[in-house]
Amino acid sequence: MTRGWSAGRIARLAVLTAGAAVMLMPFLWGFIASLKPAAEIWSGRITFWPEQMHAVENYTEAFRRAPLGRFLLNGVIVCAGILLFQLLFAIPCAYALSKTRFRGRTLIFGAVLVCLLIPIHVTAIPLYIGFARVGLLNTYAALIAPFTISVFGIFLFRQFFSAIPDDLIAAARVDGFSEWAIVWRVVVPASWPAITAFAIFSVTNHWNDLFWPFIVIQSTDLAPPALGVIYFRRDETGVDFGPMMAATMIVTAPLVVAFLFAQRRFIDGITLSGVKG
Amino acid sequence: MPSDLAALPRLAATSDPVPASPALRRARRVRAVGAALTGWGLSLPAGLLMLAIILIPTLSAAVLAVTDYQLGARSVRFVAGQNFAELWNDRVFWRAFTNTLVYTLMTVPTSVALGLGAALLIESDPLGRTTFRTIYFLPVTALLVAMATVWEFILHPQLGLVNQLLRPLGIIGPDWLSHPDWVLTSLAFIFVWQQTGYNMILFLAGLKAVPSELYQAARVDGADRAIDRFVMVTWPGLAATTLFVVLITTLYSFRVFDTVAALTQGGPANASNVLLYNIYREGFVYLRTGYASAMVLVFLAMILVVVLLQMRASRARGRA
């Protein structure tokens, strides 16, 4: 239905476009600054496209000043490690909570609900003391271990598993599958949408997390991307916006590009915490 | 179905009209024990981890809060409520506490209203729907510390785009991130920039759940203007979503840390010090573990209060 260009439609477009400009501004402005030489950035004039292309210089300088590749690699290692353990522990528990009946089930589910309310910021101090005692501060283990259980994952998978027909599981039992085999060979293959969404939720959360790495990591070699940006900023000798913007573009790019390629899945994954209600 | 383990304990619990034979009862008891073993076997790893990395540390934080423990110290003393008494008189703590609340009062209404507005506008017409949704959601996927660095550049007192745009209008913009009156607002603005797209997506999902027949019914009832239909149908239909979006945004606002750690370190003169940053400083810079743990309990109490309020509100709505 074409309704022509009514005032209302034009107003809608104008408002949404203005909002979109604000949303996009830091991406665009940061990217443009990453292409400019210092003289142009400090000139005090508003110019859009750089008069003199300085991209190569800024990006090589950014890589020279901090191990950006290492930050990204650390991000991948930490996120992959966390996700692997979260799936390994949350899936069987969620299956037990949704598809089996046993004494103590309510106790475990109650614990899950209580744990949902407790963020890492509450447990950080005792966990830090614990890691210090066993000499694991400043290691990948310290970055991964506190997140190996995702109560939110248990909660989510429990909901999703409830929708799997009981007959399917009963049939597998008749076929002589053990409960563990049912989890990994019947339930998991039937739950890929939930697992993908949870994976995106988990990876974006931990890729962006600053609080915990900020506390337990002291060396540049182990810094995930968010902490890497902090190190990069501290290292700054005099304000040099060109390379700094180049560095921010590099660490921001992986998730933004992934989002642009798989939008629907990303939106479902990141807004997962919104399905609780 | 004999293989349906799940149903068995329930069957055993209901008293049968015909008394079961002893053999059958024994078989059921074996089944129930078997079910308990599998159930516990499957959930034990998760259960132990919950205890070890969430529940016990939370209790430990509560215990530390009534001690004078300092990181690395050899001795610990029980000091009862002394840490809380000190908190009561600690002006830096109060500053961080009120800053967190003020920040939340700035961010929650703004990002919820903007998210709702964006969702309604985007949904009202198919033109550009997907494009706008993508653009508004883009900040949610961005690395916050990195984008905060770009905002710092945009808000730079001399070079920044914002002050350069204000200059022709005859306005000398402040140093947004170093001026005590502006710093918290600037940080709140960065949060709203990131959170609006998230809230928009939740509202879009909520809008889809409002039955379209209701809109037709409202038209029949004489709701000709869009605003009437919004008041009659959309707003009541979105009540549950709104409540939830407010809860999530409030909890995220309480957790503000990244932008403070990256851009202001709580300055100038604690004008942007917030609860989590203050906890970090007391606990990990000044190493006053017991004292920081007392603040952690305040933080946890804030979360609980908000969650309880939300539960009461949704229950009241359920009754209405």
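Where helix H1 of chain A touches helix H14 of chain A, Gly30(A), Phe31(A) and Ala33(A) from H1(A) meet five partners, Phe241(A), Gly242(A), Met245(A), Thr248(A) and Met249(A), from H14(A). Sorted by class, the residues of this contact are five nonpolar and three polar, with no charged ones. Keep in mind that this is a predicted model.

How are two packed helices described? The angle between their axes and the distance between those axes do the job. Here is that description for our pair:

| Feature | H1(A) with H14(A) |
|---|---|
| Residues of H1(A) | 7–33 |
| Residues of H14(A) | 241–261 |
| Angle between the helices | about 130 degrees |
| Distance between the axes | 7 Å |

Why are H1(A) and H14(A) called oblique to each other? Angles over 145 degrees count as roughly antiparallel and those from 65 to 115 as roughly perpendicular; the angle here is about 130 degrees, so the two helices are oblique. Their crossing is left-handed.

Now look at how the two chains meet. Chain B brings 82 residues to the contact, and chain A brings 83 residues. Which element gives the largest share of chain B's side? That is helix H2 of chain B, residues 22–64, with 20 residues. The side of chain B that touches chain A is made up of 59 nonpolar, 18 polar and five charged residues.

Finally, step back to chain A itself. Its domain assignment lists domain 1 at 7–63 and domain 2 at 66–235. Taken over C-alpha atoms, the centres of these two domains of chain A are 37 Å apart.

Notes:
Residues are numbered from 1 along each chain as its sequence is written. Chains are lettered from A and ligands numbered from 1 in the order in which they are written. This is a predicted model: local features need pLDDT of at least 70, side-chain atom pairs count only at pLDDT 80 or more; totals for chains, interfaces and linings use all residues. Axes are lines fitted to C-alpha atoms, for helices over the stretch in contact, and angles run from 0 to 180 degrees between N-to-C directions. Helices (H or I, at least four residues) and strands (E, at least two) are DSSP runs, numbered from the N terminus. Angles under 35 degrees count as roughly parallel, over 145 as roughly antiparallel, 65 to 115 as roughly perpendicular and the rest as oblique. A crossing is left-handed if the near helix is turned anticlockwise from the far one by less than a right angle, and right-handed if clockwise. Two residues are in contact if their C-beta atoms, placed from the backbone, lie within 7 Å. Ala, Val, Leu, Ile, Met, Phe, Trp, Tyr, Cys and Pro count as nonpolar, Asp, Glu, Lys and Arg as charged, and the others, Gly among them, as polar. Domain bounds come from an automatic or database domain assignment.
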